[in-house]
Number of protein chains: 2
Amino acid sequence: MDRRQQYREQTREEAKRIALDQLAEHGTAGISVNAIGKRMGVTGPALYRYFANRDALLTELISDGYEDFADTLTAAAATGGTPADRLRATAGALREWALAAPHRYLLLFGTPVPGYEAPAHTLTTATRAMAAVLSTAPADDRRAPAGELDEQVAAWGVGIGQPGLTPRQLHWGLQVWTRLHGLLSLEVANQFALSGIDPALLYRAEVEALVACWESR
Amino acid sequence: MDRRQQYREQTREEAKRIALDQLAEHGTAGISVNAIGKRMGVTGPALYRYFANRDALLTELISDGYEDFADTLTAAAATGGTPADRLRATAGALREWALAAPHRYLLLFGTPVPGYEAPAHTLTTATRAMAAVLSTAPADDRRAPAGELDEQVAAWGVGIGQPGLTPRQLHWGLQVWTRLHGLLSLEVANQFALSGIDPALLYRAEVEALVACWESR
DNA sequence: TTACTTGAGTTATAGGTTCTAACCAGAATT
DNA sequence: AATTCTGGTTAGAACCTATAACTCAAGTAA
């Protein structure tokens, strides 16, 4: 890589780093081109040499976030032990990742930025994260899809490059994701704040319910 | 009520109605005081006679939203039939309410507006919505709380004015809410868009899982 | 070495936002 | 009839995004 390009990349990274800080402090609306520039010791318009516009910067933040998210889940799912243990590890990593930067979690999975379209590249990364979750599914006997949902789920499994998984495993993976996301999105939005209930306990209970859910059915 | 006050209230309602339109069209950021004023045939600053600031307007939108939300769930939960039937009705009403105005759903339960503090009034309304969900819980034998979570949940039950419910019923109610919210929040954020899976089917399956979840345990 | 091109910064500016201040007209009250 | 209150106006401050025009330094090529 060119020397110039190296500096350029460095500047981009710095801008994104500061943007994440602003995000953590003041939410999405706090990500201001001028404010980021000021923190970098540069005027606002200078940043337009590096990002087409504010949306492009946000999009990169989202892309990078997905990448990091998928890496984290993949690493956690790669631990040893029973499927249940690996689910616990993955779920724990998921919660830690969300709580470490709540605003970033919401940037990825919360209110969509109006007019924002997910670039194809992030979709493949999201698939990688889902693959990590699916890798914690216990073994299952393959049988014919029963019902419309089963068929759609099976088709989805093929679409994301997981043709070896049964509909039940795929559906279970979806449940893991949607249920844990339900808890996490409410927790990061502070919806449990005044209930006096420790979200960590609720989360753990849900993970165990997911383990039990597989056994019982 | 005074004639003056009546007009005043009418103007406030109109502003909120238009704000909801803007919300549906352009998201939270699209709620602009100037734009609302223009649609009302009035300049922007005129609205500051009616709302202290933009945040106050948003807060009222949230309060009204909670009210409507609680009304909807309460009505749905008041139908007859078995507990399972009433859960199905309530869950169906919940999804319809969310999909009828996705942005409003996210305004209530999605990314928190930075610096926004829920007024006490909305908390009691949220409790009313939770009561509707809890009213669909099947009967249960009372027994001593087992574990830290059970105790916290029991205390929460007392706090929200539901001392007659068992920890298991309360926890089940929380699961209903968090699981359905998990699905809905992802659906309104378009996260299932490219999977080819019909969110309605996924939702129905989750409701049935919640019914079965009670039986099995 | 000199001339030219490119890159990265600047300021100025347009048009948008929220919100305050000052002002004005009409209605209600005293 | 005089005064106060209410709801509107315009002007303007302080932000925001984004573009245009300009400057200066660094790299490249003759």
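**Note on a predicted protein–DNA model**

1. Helix α1 (residues 3-26) of chain A packs against helix α5 (residues 102-109) of chain A at an angle of about 100°, and their axes lie 8 Å apart. Axes here are lines fitted to C-alpha atoms, for helices over the stretch in contact, and angles run from 0 to 180 degrees between N-to-C directions. α1(A) and α5(A) are therefore roughly perpendicular to each other, a label for angles of 65 to 115 degrees. On the α1(A) side the contact is made by A:L20, A:L23 and A:A24, and on the α5(A) side by A:H103, A:R104 and A:L107. Two residues are in contact if their C-beta atoms, placed from the backbone, lie within 7 Å. By class, this contact has four nonpolar, one polar and one charged residues. Ala, Val, Leu, Ile, Met, Phe, Trp, Tyr, Cys and Pro count as nonpolar, Asp, Glu, Lys and Arg as charged, and the others, Gly among them, as polar.

2. The model is predicted: local features need pLDDT of at least 70, side-chain atom pairs count only at pLDDT 80 or more, and totals for chains, interfaces and linings use all residues. Residues are numbered from 1 along each chain as its sequence is written, while chains are lettered from A and ligands numbered from 1 in the order in which they are written.

3. Chain A has nine helices and zero strands. Helices (H or I, at least four residues) and strands (E, at least two) are DSSP runs, numbered from the N terminus. The C-alpha trace of chain A spans about 60 × 45 × 35 Å along its principal axes. Among contacts in chain A between residues at least 6 apart in sequence, 67% join residues at least 24 apart. Of its 217 residues, 37% count as buried, meaning that 20 or more other C-beta atoms, placed from the backbone, lie within 10 Å of the residue's own.

4. How many residues of α5(B) are buried? Eight of its eight residues are, and the helix is mostly covered. The cover includes α1, α3 (54-77), α4 (83-100) and α8 of chain B.

5. A rotation of 180° with 0.0 Å of shift along its axis superposes chain B on chain A, with an RMSD of 0.1 Å. The two copies are thus related as by a two-fold rotation axis. The fit is by least squares on the C-alpha atoms of residues with pLDDT of at least 70 in both copies. Of the residues of chain B, B:G182 comes closest to the axis, at 1.7 Å (C-alpha).

6. Each chain gives 38 residues to the contact between chains A and B. On the chain B side, α8(B) gives the most, with eight residues. That side has 19 nonpolar, 16 polar and three charged residues. The copies meet through the same surface, because 100% of the interface residues of chain B are also interface residues in chain A.

7. Which residues come nearest to DNA strand D? Of the 18 residues around this strand, they are A:P45, A:N53, A:R54, B:T43 and B:A46. A residue is near a strand if its C-beta atom, placed from the backbone, lies within 6 Å of it. α2 (33-40) and α3 (54-77) of chain A and α1 (3-26) of chain B each supply at least two residues of this surface.

8. Around DNA strand C there are 18 residues, of which A:T43, A:A46, B:P45, B:N53 and B:R54 come nearest. The surface near strand C divides into seven nonpolar, six polar and five charged residues.

Key:
A residue is buried if 20 or more other C-beta atoms lie within 10 Å of its own, exposed if 12 or fewer, and partly exposed in between; C-beta atoms are placed from the backbone. Angles under 35 degrees count as roughly parallel, over 145 as roughly antiparallel, 65 to 115 as roughly perpendicular and the rest as oblique.
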